[in-house]
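Me: I've got this one open in the viewer and I'd like a close look at a single part of it. Start with the stretch I ask about, then walk me outwards through the rest of the chain.

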Amino acid sequence: MTGGDLPEYADPPARHRGTRGWRAVWGWRPDRRRFRDNLFTVAWLVAVWSLLWGEFSLGNLLGGALVAVVVLVFLPLPRVTFGGRLRPLALADLVVRFVVELVVASVQVGWVAVRPGPPPRNAIIAVRLRVHSDLNLTLTAEVLSLVPGTLIVEADRDTGTLYVHVLDVRGAEDLAQSRARILALETRLVRVVGSAAELRLLSPTHPEPEGSR
């Protein structure tokens, strides 16, 4: 092979010689948004894991982190985008109200279990959420499942509808209160992590979603 047959390689531009430049040459980019979404998912799964075990011990935190990583690596879920930002004050309000609701619901379920009389009547209600993102649907369903007396039966991703089993229903007023409680929980969750566009959907001037019954 003569010198004329040798391919000619131009020197890489100066902006490609640094670490950042070689990343551009090989087409690799750090996906910060995906990393942030995965980090948020791990934190949320760890919190749910600890709540299911009943305490935030070191073992539960480490076990939850391990389970979260295994789920993300070996059982990848559809990507859930996080378009908002975390608001600490709204998060504190959510946690306080959730703990209060957890205690009140536990007492109510305990009373239903021991009170004399006929067995309680149950119902399944469909509640269409105002924000139809996968993140909002998942967070609302998971928090509701942690509250005694309520259980998610089914979730319709296309319409953003949750079908919730409600314990001890005595009439239409109880159904309306349960539906209002679920929408109030959605409001608190969106205020914690929702985007500006999602917050506007919670405005009283925004039309109520159809399909709840």
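How far apart are the end C-alpha atoms of residues 39-56, and what percentage of the span is helix and what percentage strand?

Reply: Bear in mind that this is a predicted model. In residues 39-56 the end C-alpha atoms lie 18 Å apart, and the span is 83% helix with 0% strand. You may be asking about that stretch since the unreviewed UniProt entry annotates it as a "transmembrane region", along with residues 62-82 and 94-114. For residues 94-114 the end C-alpha atoms are 30 Å apart, and that span is 100% helix and 0% strand.

The other annotated span in the record, 62-82, takes us to the surface. Leu-66, Val-69, Val-70, Val-73, Phe-74 and Leu-75 make a nonpolar surface patch of about 600 Å². Take Val-70 from that group: you'll find it in helix α3, which runs over residues 58-74. Val-70 has 36% relative accessibility, so it counts as partly exposed, the range between 20% and 50%.

Now for the charged side chains. Side chains of opposite charge can pair when their charged atoms come close. A search of the whole structure turns up seven salt bridges.

A good one to click on is Arg-115 with Asp-168, where the closest N and O atoms are 2.9 Å apart. Arg-115 sits in the loop between α4 (88-114) and β1 (123-128), while Asp-168 is in the loop between β3 and α6, so this pair ties together parts that are 53 residues apart in sequence. Both partners are buried. Asp-168 has a relative accessible area of 18%, and because the cut-off for buried is under 20%, it gets that label.

Stay on Asp-168 for a moment. Its loop runs between β3 (161-166) and α6 (172-193). The backbone deserves a glance too: phi of Asp-168 is near 60 degrees, a positive value in a residue other than glycine. Asp-168 also forms a salt bridge with Arg-170, with the closest N and O atoms 4.0 Å apart. Arg-170 has 60% relative accessibility and so counts as exposed, whereas Asp-168 is buried. Elsewhere, salt bridges that share partners join Glu-101, Arg-181 and Arg-188 into one network.

Next, look at Glu-186 and Arg-130, whose side chains meet in a salt bridge at 3.1 Å, N to O. This pair links distant parts of the chain, with Glu-186 in helix α6 and Arg-130 in the loop between β1 and α5 (134-146), 56 residues apart. Glu-186 is at 0% relative accessibility, so it counts as buried. Arg-130 is buried too, with a relative accessible area of 18%.

One last stop is Arg-157, in the loop between β2 (150-156) and β3. At 48% relative accessibility, Arg-157 counts as partly exposed. What does the side chain of Arg-157 make a polar contact with? That would be the side chain of Asp-134, at 2.7 Å. In sequence Arg-157 and Asp-134 are 23 residues apart, but in space their C-alpha atoms are 7.2 Å from each other.

Notes
Residues are numbered from 1 along each chain as its sequence is written. This is a predicted model: local features need pLDDT of at least 70, side-chain atom pairs count only at pLDDT 80 or more; totals for chains, interfaces and linings use all residues. Side-chain values use heavy atoms; hydrogens and water are left out. Helices (H or I, at least four residues) and strands (E, at least two) are DSSP runs, numbered from the N terminus. Buried means under 20% relative accessible area, exposed over 50%, partly exposed in between (1.4 Å probe, protein chains only). Patches are made of residues with over 30% relative accessible area and no salt bridge: like charges are joined within 9 Å, nonpolar side chains (Val, Leu, Ile, Met, Phe, Trp, Tyr) within 5 Å. Accessible areas come from the Shrake-Rupley method with a 1.4 Å probe; for residues, only the protein chains shown count as cover. UniProt positions are given in the numbering used here, feature names are shortened, and annotations may be inferred rather than shown by experiment. A polar contact is a pair of N or O atoms within 3.5 Å; within protein, one must be able to donate a hydrogen and the other to accept it, and residues adjacent in sequence count only if both atoms are side-chain atoms.
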